[in-house]
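Student: I would like to learn how to read strands, pockets and cysteines from a set of coordinates. Could we take one example and go through the features in turn?

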Amino acid sequence: MPPRSSDVLIVGGSPEPSSPELLVALASGARKVLACDAGCGICMQAGVRIDLVVGDFDSVTDEALDYARACGAEFLTFPADKDETDLELALLYCKGDCKSKEAAGMLDDRSYSVALTCVSGGRLDHMLAVLGSLCHAYELDPVIYEDSYILFMLAAPARFAFDEIESRYPDVDAFLEDRYIGRTVSLIALGGTALVSETGMKWNLDHANLRLLSDFGVSNVVRQPDATIEVLEGICAFMILHEFVEAQKRHHEL
């Protein structure tokens with residue numbers, strides 16, 4: 001079942017993109033698909049319609065740009081010599097902070113809820129920069145979907161409850177088919193030390209200090225349906241691992 005609630009799906013330009021099946025499923029539930037530069041080509045290969053393209057277009061083919069134009073996409077064009085990455089510009093657009101003349105009249109008077117994909121495969125430096133950008137855009141409640149995981153940004157005070165996923169994140173609940181018991185999860189501190197608690201897990205935490213990028217919160221296991229994650233201080237990336245590709249393979253084998 002495809003996701004149902006994201007306002008904007010941001011498609012990055014990862015050298016190793018997510019599977020076309022995942023991209024199609026995500027796009028089917030989004031109000032608007034925003035491609036970052038080379039993300040145009042990824043959308044083209046998957047046959048996903050593009051609504052908006054953001055970037056300096058230094059890493060996208062003419063064929064992919066023609067595809068975006070054929071979709072009727074709007075273009076936000078920036079010079080190659082700029083401080084922001086294409087993804088950061090896309091996040092600024094979603095926050096209503098992109099002040100370029102091309103963006104005039106294209107923004108609502110509110111922020112969007114944002115899903116992202118094709119933003120972490122193939123280059124560790126890009127992935128780390130993506131997490132840094134999302135630390136500054138946590139108010140968008142961004143969720144990264146890749147074939148092997150779903151990632152949330154939790155900024156204090158934040159509480160993530162597994163028995164509230166269906167109502168709070170219906171798209172996540174649909175992707176994971178309401179099955180959480182036994183899933184592997186990881187909590188990683190970003191931007192400094194974080195104070196966290198976890199309940200209903202194989203290893204519970206009570207006001208524990210997570211150091212920056214520490215592996216202390218990696219590979220826990222959900223044991224109870226009412227398991228919770230709390231970030232009391234700091235900001236963390238919270239990952240739920242899943243096997244989308246394997247599930248698709250099993251589906252096609254039936």
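Tutor: Start with pairing: two strands pair if DSSP finds at least two bridges between them. Keep in mind that this is a predicted model.

Student: Which residue in strand 6 does A115 stand opposite?

Tutor: The residue across from A115 is V143 in strand 6. Strand 5 and strand 6 (residues 143–146) run in the parallel sense, with two bridges between them. The connection from strand 5 to strand 6 passes through helix 5, and this β-α-β crossover is right-handed.

Student: What does strand 1 pair with, and over how many bridges?

Tutor: Strand 1 (residues 8–11) pairs with strand 5 in the parallel sense over four bridges. In that pairing, V8 is opposite V114 of strand 5. Strand 1 also pairs with strand 2, again parallel and over four bridges, and there I10 faces L34 of strand 2. A right-handed β-α-β unit is formed by strand 1, helix 1 (residues 20–28) and strand 2.

Student: Where does the sheet go from strand 2?

Tutor: Strand 2 pairs with strand 3 (residues 52–55) in the parallel sense over three bridges. The bridge partner of A35 in strand 3 is V53. Strand 2, helix 2 (residues 39–46) and strand 3 make up a right-handed β-α-β unit.

Student: How should I read the two faces of a strand?

Tutor: In a regular strand, side chains alternate between the two faces of the sheet. In strand 5 (residues 114–117), V114 and L116 lie on one side and A115 and T117 on the other, and all of these are buried, so both faces are covered.

Student: Why is strand 2 described as largely enclosed by the rest of the structure?

Tutor: Strand 2 (residues 32–36) is described that way because four of its five residues are buried.

Student: Is L76 buried or exposed?

Tutor: The cut-off for buried is under 20% relative accessible area. L76 has 0% relative accessibility, so L76 counts as buried. L76 belongs to strand 4 (residues 74–77). The C-alpha atoms of L76 and A90 are 9.2 Å apart, with the two residues 14 apart along the chain.

Student: How is empty space found, and how much of it lies in the largest pocket?

Tutor: Rolling a probe the size of a water molecule over the atoms shows where empty space is left. Here the largest pocket holds about 430 Å³ of space. Helix 4 (86–95) and helix 5 (124–135) are the elements that give two or more residues to its lining. Helix 5 gives the most, with four residues.

Student: Which residues lie nearest the centre of the largest pocket, and what classes make up its lining?

Tutor: Of the 21 lining residues, G13, T85, D86, L87 and H126 lie nearest the centre. By class, the lining has eight nonpolar, nine polar and four charged residues.

Student: How many disulfides does the structure hold?

Tutor: The structure holds zero disulfides. C135 is in no disulfide, and its nearest cysteine sulfur belongs to C236, 9.2 Å away.

Student: Why is there no bond between C236 and C135?

Tutor: A disulfide needs two cysteine sulfur atoms within 2.5 Å. The closest cysteine sulfur to that of C236 is in C135, and 9.2 Å is too far for a bond. As for exposure, C135 is buried at a relative accessible area of 16%, and C236 counts as buried at 0% relative accessibility.

Methods:
Residues numbered from 1 in each chain as written. Predicted model: local features only at pLDDT ≥ 70, side-chain atom pairs only at ≥ 80, totals over all residues. Heavy atoms only, no water. Buried < 20%, exposed > 50% of the residue type's maximum accessible area, 1.4 Å probe, protein only. 1 Å grid on protein atoms, 1.4 Å probe; cavity = no way out; pocket = protein on both sides within 12 Å on 5 of 7 lines; lining within 4 Å. Points joined across faces, edges and corners; volume = space filled by probe spheres on them. Nonpolar A, V, L, I, M, F, W, Y, C, P; charged D, E, K, R; others polar. Right-handed = clockwise from strand over helix to strand, strands pointing away.
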